[in-house]
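Reader: I should like a close look at one part of this structure, namely a pair of packed helices and what surrounds them. Please set out the reasoning behind each statement in full.

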Amino acid sequence: MMMLRVCPSSLFYLRPLHLSTSSAKFPFCPSIRRELRLVPSRSSSSSFRRMESSPASETDSLGEDMQNQTDDGDKIKRKLEEFNWDHSFVNELPGDPRSDVISRKVFHACYSKVSPSVQVDDPQLVSWSDSVAELLDLHPKEFERLDFPLLLSGAKPLPGAMPYAQCYGGHQFGRWAGQLGDGRAITLGEVLNSKGERWELQLKGAGRTPYSRFSDGLAVLRSSIREFLCSEAMHCLGIPTTRALCLLTTGQGVIRDMFYDGNAKEEPGAIVCRVSQSFLRFGSYQIHASRGEEDLEIVGKLADYAIRHHFPCIEMSMNRSDSLSFKTGDDSVVDLTSNKYAAWVVEVAERTATLFARWQGVGFTHGVLNTDNMSILGQTIDYGPFGFLDTFDPSYTPNTTDLPGRRYCFANQPDIGLWNIAQFAEALAAAQLINEKEANYAMERYGDKFMDEYEAIMTKKLGLSKYNKEMISKLLNNMAVDKVDYTNFFRLLSNVKANPSTSDDELLNPLKAALLDIGKERKEEWIRWVRGYIHEVSGGDTSSDEERKARMDSVNPKYILRNYLCQSAIDAAEQGDFSEVNNLLRLMKRPYEEQPGMEKYARLPPAWAYRPGVCMLSCSS
């Protein structure tokens, strides 16, 4: 057994996490700020940047699209029956020869064809996302159709769809869990929009699949509201995420034991239509790498598929005559133009690092960072017991299952991202797609990219002209000691004037709504910090207070999807009132704006918000 040592959590005043894997084959000890020497002279970041769109050649004839244009300028609007389906995943990758939903091990296949089997009784459309509809070129009037809830619940087949459930495995809480797969999510297929972008449509809660094991394949309203709202809230915060087209109720009850304590009860059933350019996960590769020689070929096929459709610039870069080589910390040379898989794993690592840095910046805790919940696109995926920080607590975890060791707590997330990249790289190495040096270089790039992104984010949050580690570290320590609300503090910080002559009595006035119940000693500590902060912003920036405030408010949200806000919407929805779901959806579209009249949604959590099932949740959904 080999120890993997990672250290970004030291930023958050917790002991660095030491994670072990029983299957690691190459040494892994990245330095989070290791110097990389580049040959030739280029940026040390991977040159394969933001390649999420499919090639334009995949678009349908624009002549056909023109027939579907409406009076809304030159935008193409389609009916559900007019979706431009493309089933590349099913057509290009090996599938399960069986089509039944009996729970079983599925070998030598990336998916199993299966139709939605959810039972509905007068299903209702609860809410939808206009911006996701635009991605799909879906006409707004389609949401008014009487049969829309039937088509998007899966109760009525959607013309052109070719539904399937994906096969994947994963490490859960650090232990290899074997085959997992889509146990209650059924992908309808891929829609190509008028821009040539590929979007997968997936119904979560649509019924059993071969990967359901002992579950019913269904979802409840409570968890579906949370996923629907947070998908869209994260997108509007500027954080990469899967999206959600719509939320529906099924009209049927679903039995769930929310706290796994033997007190199961019936809850309203629901379905979320999730949308992403791909739902491929780290575990999609791990499962085949774990199954020996015969399935190792599938790892390569899946990698080729992902690069071809979701990272096309990598193959384009392979045709360049110039070389992109790097020297790592041990003077090993890695040439990213000689092996497309090495370039790809570096890109995945960097996207993942960027995602995790943005989570830390906004105070988001995923809660279940198993490798089967890690997107190869660097997106937030699978919203279960997530939570945004209220008071700043580095050890906060929203997942009751995670309580014993807090493996997935807020402060540990950067470490976990690195550990998960190691597992992903190991799966590719097992298939001989990358070597040890390339795998370790990808992990080095994760560490460097995370720190670069995190430092930039925190510098902007404080309105500084350059990163000041000591000042930021002291601030986070003060916030943890005094249990300061993370979101509200940074929003209020922009009100501090860069005036060194402000008296001690007035210095903390702009922050008083966040600095609650602090004694004399702690007040003096905060005064010292604010004095230093004013000195920093007044000495290194010629901007006016108003200009700095505008910049800071553009990166420090006023509104986040706090768990108690979700719960309020859930409580009302379970009584048939969906107005609060839609209120939150509208609110979260503009999280950085003041939105007069909506201030109550920025308040600190009430006392009831700390009860089980609100501030902390289980994976039961």
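Author: The expected span of a helix is 1.5 Å times one less than its number of residues. This is a predicted model, and the rule can be applied to helix α7, one member of the pair. With 18 residues at 1.5 Å a residue, α7 should span 26 Å, and its end C-alpha atoms are 26 Å apart, which agrees.

Helix α7 covers residues 293-310 and packs against helix α6, residues 282-289. Two packed helices are described by the angle between their axes and the distance between the axes. For α6 and α7 the angle is about 155°, and the axes lie 7 Å apart. Because angles over 145 degrees count as roughly antiparallel, α6 is roughly antiparallel to α7.

Which residues make up this contact? On the side of α6 they are S284, Y285, H288 and A289, and these meet D295, L296, I298, V299, L302, A303 and A306 of α7. By class, the residues of the contact of α6 with α7 divide into 8 nonpolar, 2 polar and 1 charged. The buried residues of α7 include D295, L296, I298, V299, L302, A303 and A306. Also buried in α7 are G300, Y305, I307, H309 and H310.

Helix α5, residues 221-237, allows the same kind of check: its 17 residues should span 24 Å at 1.5 Å a residue, and the end C-alpha atoms are 24 Å apart, in agreement. Of these 17 residues, 15 are buried, so α5 is largely enclosed by the rest of the structure. Just after α5, G238 adopts a positive phi of about 90°.

Positive phi values also occur away from these helices. Most residues other than glycine have a negative phi. Q432, however, has a positive phi near 60°. Q432 sits in the loop between α10 and α11 and counts as exposed because its relative accessibility is 72%, over the 50% cut-off. N435 is found in the loop between α10 (413-430) and α11 (436-461). At 38% relative accessibility N435 counts as partly exposed, and its C-alpha atom is 9.2 Å from that of A425, 10 residues away along the chain. D122 likewise has a positive phi near 60°; its place is the loop between β5 (111-113) and β6 (124-128), and at 56% relative accessibility it counts as exposed.

The cysteines complete the picture. A search of the whole structure finds 0 disulfides. C110 is in no disulfide, the nearest cysteine sulfur being that of C167 at 7.6 Å. C110 is buried, with a relative accessible area of 1%. C273 is in no disulfide either; the nearest cysteine sulfur, that of C246, is 4.9 Å away. Since a disulfide requires cysteine sulfur atoms within 2.5 Å, the distance of 4.9 Å for C273 does not qualify. C273 counts as buried, at 0% relative accessibility.

As for the wider setting, the chain holds 18 helices and 17 strands. Of its 621 residues, 59% count as buried. Among contacts between residues at least 6 apart in sequence, 74% join residues at least 24 apart.

How values were computed
Residues numbered from 1 in each chain as written. Predicted model: local features only at pLDDT ≥ 70, side-chain atom pairs only at ≥ 80, totals over all residues. Heavy atoms only, no water. Helix = DSSP H or I, 4+ residues; strand = E, 2+ residues; numbered from the N terminus. Buried < 20%, exposed > 50% of the residue type's maximum accessible area, 1.4 Å probe, protein only. Axes fitted to C-alpha atoms, helices over the stretch in contact; angles between N-to-C directions. Parallel < 35°, antiparallel > 145°, perpendicular 65-115°, else oblique. Contact = heavy atoms within 4.5 Å. Nonpolar A, V, L, I, M, F, W, Y, C, P; charged D, E, K, R; others polar.
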